[in-house]
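Q: Could you take a close look at the packing inside this model for me? I'd like to know what sits in the core and how the domains meet.

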Amino acid sequence: MFFPTQFPWAKDQSLGEHLEASGVSRRDFLEFCGQMAVLLGLTEMAAPRVAAALEGVKRPVVIWIQLQECTGCVESILRSADPSIGELILNIVSLDYSHTLMAASGTAAEAALASSMKANMGEYLLVVTGSVPLAEGGIYTTMGGRTAKDVLVEAAAGAKAVFAVGACAHWGSVQAAKPNPTGAVGVAEIIKDKPIVHLTGCPPIAETITATFVHYLTFGALPELDSDGRPLFAYGARIHDQCPRRANFDAGQYVEVFDDDAARKGWCLYKVGCKGPATFSPCPIFMWNMKTSWPIGAGHPCIGCTERNFWDTMTPFYNRLPNVAGLGIEQTADTIGAALAAGALAGVAAHAAATTVHQIRSHRKAAAAEGAHDGQD
Amino acid sequence: MAKTKVVVDPITRIEGHLRIEAQSENGMISTAWASSTQFRGIETIMQGRDPRDAWAFTQRICGVCTVVHAVASCRAVEDALGITIPPNATLIRNLVHGMQTIQDHVIHFYHLHALDWVDIISALSADPAKTSAIAKSISPWPNNSATYFAEVQNRVKTFAAGGQLGIFTNGYWGHPAYKLPPEVNLLAVAHYLEALDWQKDVIRLHTIFGGKNPHPNFLVGGMASAINLNDTATINAARLADVQAMITRAKRFVDEVYWPDVQAIAGFYKDWGAIGGGTGNYLTVGEFASVDTNDLDSLYFPRGIVMNRDLSKVYPYDHTLVKEGITSSWYEYSGGDAASLHPWEGETVPKYTGPPTPWTYLQDEKKYTWMKSPRYDGRAMEVGPLARMLVGYAAGQKDIKEIVTELLTRLDVPPAALFSTLGRVGARCMETVLVANQMQNWYGQLVARIKNGDTKTFNGDKWDPSSWPKTAQGYGYLDAARGALGHWVQIEDGKISRYQCVVPSTWNCSPRDEAGVPGPYEAALMDHHPLLRPEQPLEILRTIHSFDPCMSCGVHVLDADGHSVVEVKVQ
């Protein structure tokens, strides 16, 4: 299900002109820039700077292709918190080529893609949702009679940068779970010579995508990425380190079974399988669906959907983290339980926290080695 | 006159990738084929997994039907392990699934289906004052002034004048099959735009109970969202108040916008009450239990079968009579192509035998799709809103009987008009009205239980795998927005040994079976079906969209493209 662009952004219009023509007030625009600045890790004071940069931007050429996917990523974007401006920004993706939104017919669509790529060679942004199935010569996903791989390779050839949106485009996601019957892989397995930003998650939060666009338009470059190609402004911190239930973890206050007294007090879900300690995601900060809630906020453990191979490494979902190599905190949490019984709480809890922090440190080092921003823990 | 070969690939405004081929003669369709061209193999991926994880995997079959596979999966595992969920969990699942149904149906009508009936360009010549008068005569909905409709009209005019119609470009505007006066077209366009904002708001009910949408979280044994009125991190009074407000807004939009619009529009298309009926056999698994989904008496939409358009009798549903064949499908069975297997013996081994791509035509191929052919007692069955309304009507369900009678009376058409393309449109809207009413009922029950001190949302008796038998098998049903859904699971030593889903769009989009009997899409296109201009296959879209296809679900694939274009090859 796909919705129309209410106010198309004309090719030679600046964003400022486009917003004005669309009836967006200056005040709303500045407020939006403020929100985006915060999401991007700047302060709200940067709003006028973001606004000034954005206003002069001419509509970039964006081509959006959908490969092997479930439509959940597009649905997520449609639930964007800011319906007016967020959509207007995202609408830039609908104008040059989009399987989803364009109305041209089969051969005309192919022609539009070809001519847009030719006219903007080396300049356009390519957005990809979905994975690329390689088994059996690619017959499990064909578009207009061509394999997903061929479509991707051709579209990427003239791209300036690639936005790989969702876990499928990142690494294949659920169809790449063992035994991966269709041989599904992510975009980066195929495209090696272009900058790729991974806006991962199953699905990703709409604001992550919006903010990355804003960053690209404002600063003319992709944001800084971690070792797995994810922007640090969104994926730079573990859920565990931003979680409102972290105090409960540190205090050894755990949900032992769903709907127990601890669950009804909103305590830590680690023992019922929460993958927050191994998951880098903006969930606790950005939240979902107009900031209504988020998975842990609704009492369910994090399943780690922003991490590569989570369908295999994070499962069984309700087991404590032992399947995640090297983390070794299950024993620590048991120790906490025992220690609680013995009445010696504080020191052990601190130790548990230190142990889990070890993982993020090594993650950060990997990121730093790639020349990315080395965050604070 | 020679036969004209028509290919519509992909069908737009659906979820996923669907190709329709047909032959037309003298303005009518003589024969049709429905082909789904993607495969993923989720059932294979399920093997060896923890059954408590199954809901999350199967949920990713589709990001549109983001609730239904998850709940059907939980029910299958709960059935296998003998878990009864607490009444509060049943009520919360009803609320979550109910809102999914409402949101899905409204979006389907306005954003996926309406453009088959509503001519956007014609709205430009409407008199906003007359539109306002019509709006006021059919509904108390407040956005009904002439100024408001003039504003909407101006917006569309700006579009058209700029030469940038967005997704409206290349529609079949001006096609003689469009019958609405400009004023009604303008009314529908206004509501098309209003529904865009409405859907984002009401779906937040999923976020409150499941943490996010798409893909909210579920739990075998109940729901994970604990209730405590006196805590900030749980389902508390503030979150319940938000839920109540969303239910109110959802119901109001359905009662005051969707329901009057469908009646107004249907009045101009009564001829479609005799077109596109198809198989005439209808199957429901039933939905919205007040206590227990296996207690048939507690299902709000009854479970049952109507055969041969005979509304005087409802047959009981017996799942052992469900079998899937692959005669026309790109799979192989160990027992050969003619075999037909119950889901507990189901096999999903893909074997592509189609022509090398790109295809010109598939209609001469013996096998032409990734869809299997599910059959009930050997018969092709239609599932979905129309099946639910017909089975409910035949079974004497009071609310269904009343609303069906109301619609038939208002439109002044006989019950036989239900077996049609228009019948599907009307049925979808009628059940949305009914579900929107039930939302308040379920919410009231939930609040009353909490008031009486019952906040239990989870049954953990069989949570630990050590409490499970060595082997177990079960099934879970759910009558989803698009129709009867069944998940079948077998468990050995705590792991899934076999998993099969029989999905609404597989029933409806199934190809010809071993006996050559076409599936419901195909049969509907061959049932008194016009096709005036093969190069503008508007009528095909009307009937196919009336089923609300969801191709990702149907073949458990992730779609390739499918939303963009209509390509017609005429030979």
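A: Here's a walk through the core, then the domain contact, then a small sheet.

First, some housekeeping: this is a predicted model, where local features need pLDDT of at least 70 and side-chain atom pairs count only at pLDDT 80 or more, while totals for chains, interfaces and linings use all residues. Residues are numbered from 1 along each chain as its sequence is written, and chains are lettered from A and ligands numbered from 1 in the order in which they are written.

Now the core. A nonpolar core here means a set of buried Ala, Val, Leu, Ile, Met, Phe, Trp, Tyr and Cys residues joined through C-beta atoms within 7 Å; buried means 20 or more other C-beta atoms within 10 Å of the residue's own, with C-beta atoms placed from the backbone. The largest one has 268 residues, and A:Val128 and A:Leu152 have the most contacts inside it. Helix H12 of chain B (421–451) gives the most to this core, with 13 residues. (Helices are DSSP runs of H or I, at least four residues, and strands are runs of E, at least two, numbered from the N terminus.) The core also draws at least three residues from each of domain 1 and domain 2 of chain A.

Zoom in on A:Leu152. Leaving aside neighbours within four places in sequence, A:Leu152 is in contact with A:Ile65, A:Leu67, A:Val128, A:Val132, A:Val187, A:Ile190 and A:Ile191, contact meaning C-beta atoms, placed from the backbone, within 7 Å. There's a second, separate core of five residues too, including B:Phe288 and B:Tyr300.

On to the domains of chain A: domain 1 is 15–50 + 59–223 and domain 2 is 239–369, with bounds from an automatic or database domain assignment. Their contact takes 15 residues from domain 1 and 13 residues from domain 2. On the domain 1 side, helices H8 (166–171) and H9 (206–219) of chain A each supply at least two residues, and H8(A) gives the most, with three.

Last, the sheet. In chain B, three strands form an open antiparallel sheet in the order E13-E14-E15, where two strands pair if DSSP finds at least two bridges between them. E13 (471–480) and E15 (495–502) of chain B are the edge strands, each pairing on one side only. E13(B) and E14(B), residues 483–492, pair over ten bridges, and B:Thr471 stands opposite B:Glu492 in E14(B).

How values were computed
Buried ≥ 20, exposed ≤ 12 C-beta atoms within 10 Å, placed from the backbone. Contact = placed C-beta atoms within 7 Å.
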